[in-house]
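Work through the exercises below with the sequence and the structure open beside you. Each task is followed by a solution that goes step by step.

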Amino acid sequence: MDGPARSSSSPLRLRPAVVVATALALVWSVAYWQLSPLSPSLIQISRTGPRALLLYLSGKSGDAARAYRAGQHGQLRVSYADDHTGYWALYAGHADAATKRARMTLALVPGAADARVTLGEIALERDRPAEALAEFGAALRRRPGDIDALYLAAVALGRTGDPGGAIDHLNRALRSGSAGKRETIVYRIMELAGDLGRRAPAERPLCLLAHLHRYLRIFDERQGAAAMAYARQAIDAGDRPADAYLTLGVVHDKRGEYEAARLAMRRALIADPRHAEALRWLAVEAGKVGDLLVQHEMITRAFDAAPTDAFYFRDLEAVLIGKLGDPLGMATRMRRTLALDADNAEAHGRLARALGALGEHARARLHAERFVELSARGSDGR
Amino acid sequence: MTGVVGQAVRRLLRLPVLTIALLCGLTLWFADMAGTYRPAHWLLALTMLAGGILLALDALILTRRVASARPSEVSGHVIEVALRYAPLVVLNLILLNVLAPALGFAAALMDGVSWIKTWLTLLGWLSGRALFWLFAIAVAGLGAVVAMRLAERVARRSPLVARAASIADRGIIALTAIYCAWAMVLTFNGTFDRTPGSERRGEITAVWGIAGTPLWWADLQSADHPGGLVRVLVFPERDRVAPALLSPGQRVRVHVRGGLFGLAWVERMRLDFEHALEPLVASAPSAAIPRRHLVETLLRGGRWTEAAEHARAYARYHPGDREFVSRVSAALREARQGEPAAQLDRAVGAPLARAQGPR
């Protein structure tokens, strides 16, 4: 296109076709900009999917969630053989069939936690949160780390007016890094966030709303801004400031604002020096740059804050044994846990490993056997 | 310049758009090379930033040349046809992009984790993103060309402005050529450097840069030369740390090479936690790894008595690791530290004897 010697007399003209092409490209780019941060769960291919998406994009989360949920309804194509828990029946909107399936499973295997979760979810769908809580409670007694049960119990607690309990359950689920296995969870949380957000400003549980939007951020990056806004309001209102700072810190971290995230976590510790999750987060952060002193301090403080919470044992072991070569330190702490909770299976397992590293093989074997016994007792169907 | 090469260069110079496009490419490449062999000097460390600024100015000249280009008959015809069908091309690309959510949807339908699912998700995500950037670049380019034509029209009314624009055009090209030559010097300075290099310690005083770009620097206060400032362009892959994780007050070790032409350049930078060893040992006294590192550091620093004390403490907690204690003892004797070595041997002998004695 160059070369004045061979060139035509005038430069290129801008044709109307170019203007049309530009307009088309701009329209598509704006649509892409709006929709690309959304996860496939929010771009549902169903009869009500487009309406749900429009409601969601216009900020009507509660109505959008109900429309998304309606979009999941359909014919029941999965037989009991492939749906012991009744979840797929519930997913397709056949609550009665789901109840039957879950009850049948429970009759055969009384400890089936997933079937309990389905019964709880059915109660939640029928707007009976207290009944739902009882089912989720039973599931969590069986499997304390069940992520689906934790999220759904948080929804039930939010509905029964216990924002503190809901936040505790949400934090326990969110720290796992999983959004849950059930595709219905996101809509239940969205619905709760929409309903609570519609309340009069003075009646809003600000910290709970911050946590709900933190969960929704997993599916839509822009929800992070709402989570941060609610967290800041919660801090100003004195509504569980440590948890609000935790949410603020996590969202800053996800946005790549690491310095702001560190600051928020440190403020969470000023509000509550024994906030185990903020301590663990700071330990992980220190581990990323290789600062073992801070990592050790934070993870041991996290353990001290929650000595029976098995969730922190893995990180503790990774630091004490993996990075510091301190099986004695690990064994001492696990013994402390067992003094408080003799049936803590994870503590027996970790103590067995630490004792093995110390060369105390006979004692290690005893704890390993206890670990196997307690783990079997905690799993489904035993 | 004569012969085939000379002819080719002259022909290239007659193609103003292609020339500046090539210059843009060269600037980008040399800026990247300047970042690879980053100079340790506080001002020269900004070479990559200078490359980025020159690249932006070159892009401006490219836009100006495209705006005033008079294409040849053949290429003009091709462009005219392409422009006529532009809306159809855009529409087709958009329709093809329907594939993106379809791929993403197909991936979402798949259970479990598999490489097919991962690739489908990635493809679905990438096709939309690629088209978005294609459109964004095209629209921005078109907007720039239109703006440049308007500016040219205004400039044509004032000969002074037109002359200034022409001088700026040549000045930028000359500067870019000088920059490329300088970056080439830095590249050779680093590539053919055979000097062993040295380690410098420092503390980060500031971390600054341009958000969303790899252009981030750490300003260091040198511990070896008080008052000396070292500026390091952060290279996450080589330094094993992202700029966002750096903050003022952190201590670092910088491995500096002399350079073929005597221009010192930074090979790597590491966060330094050696000063944290003693407090770490104090907070985790039974931990083996930090105490071993501490003993080694103390031996290197000639702090014999303290090294022997920590080695004794180590032996108390880890009576099975006789090899490490023997090595410390040997190192002490080699350094003519007979008394600390003897104390260590005596102290270690006792627990070992107890461990071996009757139960």
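Two residues are said to be in contact if their C-beta atoms, placed from the backbone, lie within 7 Å. Please keep in mind throughout that this is a predicted model.

**Exercise 1. Two domains of chain B**

Find how many residues of domain 1 of chain B are in contact with domain 2 of chain B, and describe the side of domain 1 that takes part.

Solution. Begin with the division of the chain: in chain B, domain 1 covers 12-189, domain 2 covers 198-272 and domain 3 covers 276-356. Next, take the C-alpha centres of domain 1 of chain B and domain 2 of chain B, which lie 31 Å apart. Applying the contact rule, we find that 14 residues of domain 1 of chain B are in contact with 16 residues of domain 2 of chain B. On the side of domain 1 of chain B that touches domain 2 of chain B, the elements giving two or more residues are α3 (47-68) and α8 (159-191) of chain B, and α8(B) gives the most, with four residues. Sorted by class, this side of domain 1 of chain B has 10 nonpolar, three polar and one charged residues.

**Exercise 2. Where the chains meet**

Work out which helix of chain B gives the most residues to the side that touches chain A.

Solution. First, count the residues in contact, which are 50 in chain B and 44 in chain A. Then list the elements of chain B that each supply at least two residues of the side touching chain A: α2 (16-36), α4 (73-84), α5 (86-96), α6 (99-109), α7 (115-157), α10 (277-283) and α11 (288-300). Within the side of chain B that touches chain A, α7(B) gives the most, with eight residues. Finally, the classes on this side of chain B are 37 nonpolar, nine polar and four charged residues.

**Exercise 3. Two helix pairs in chain A**

Decide how α13(A) is oriented relative to α14(A), and then treat α2(A) and α3(A) in the same manner.

Solution. Two packed helices are described by the angle between their axes and the distance between the axes. For helix α13 (residues 241-254) of chain A and helix α14 (residues 258-271) of chain A, the angle is about 165° and the axes are 8 Å apart. Angles over 145 degrees count as roughly antiparallel, and therefore α13(A) is roughly antiparallel to α14(A). The crossing in which α13(A) passes α14(A) is left-handed. Among the residues that meet are Tyr245(A) and Leu248(A) in α13(A), and Ala264(A) and Met265(A) in α14(A). The residues of this contact of α13(A) with α14(A) comprise 12 nonpolar, two polar and two charged.

For the second pair, helix α2 (residues 49-57) of chain A packs against helix α3 (residues 61-72) of chain A at about 160°, with axes 8 Å apart. That angle makes α2(A) roughly antiparallel to α3(A), and α2(A) passes α3(A) in a left-handed crossing. The contact includes Leu55(A) and Tyr56(A) of α2(A), together with Ala64(A) and Tyr68(A) of α3(A). By class, the contact of α2(A) with α3(A) has six nonpolar, three polar and two charged residues.

**Exercise 4. A helix and its surroundings**

Explain why helix α11 (residues 206-216) of chain A is described as largely enclosed by the rest of the structure.

Solution. Count the buried residues of α11(A): 11 of the 11 are buried, so this helix is largely enclosed by the rest of the structure. Among them are Leu206(A), His211(A), Arg214(A) and Leu216(A). The buried residues of α11(A) pack against α8 (147-159), α9 (163-174), α10 (185-197), α12 (223-237) and α13 of chain A.

**Exercise 5. Buried or exposed?**

Classify Arg240(A) and Arg336(B) as buried or exposed, and comment on their phi values.

Solution. A residue is buried if 20 or more other C-beta atoms lie within 10 Å of its own, and exposed if 12 or fewer do. Arg240(A) has 25 other C-beta atoms within 10 Å and is therefore buried, whereas Arg336(B) has 9 and is therefore exposed. Arg240(A) lies in the loop between α12 and α13 of chain A, and Arg336(B) in the loop between α13 (322-334) and α14 (338-356) of chain B. Most residues other than glycine have a negative phi. Yet Arg240(A), although not a glycine, has a positive phi of about 45°, and the phi of Arg336(B) is a positive value near 60°.

Definitions and conventions:
Residues numbered from 1 in each chain as written. Chains lettered and ligands numbered in written order. Predicted model: local features only at pLDDT ≥ 70, side-chain atom pairs only at ≥ 80, totals over all residues. Axes fitted to C-alpha atoms, helices over the stretch in contact; angles between N-to-C directions. Parallel < 35°, antiparallel > 145°, perpendicular 65-115°, else oblique. Left-handed = near helix turned anticlockwise from the far one by under 90°. Nonpolar A, V, L, I, M, F, W, Y, C, P; charged D, E, K, R; others polar. Domains from an automatic or database assignment.
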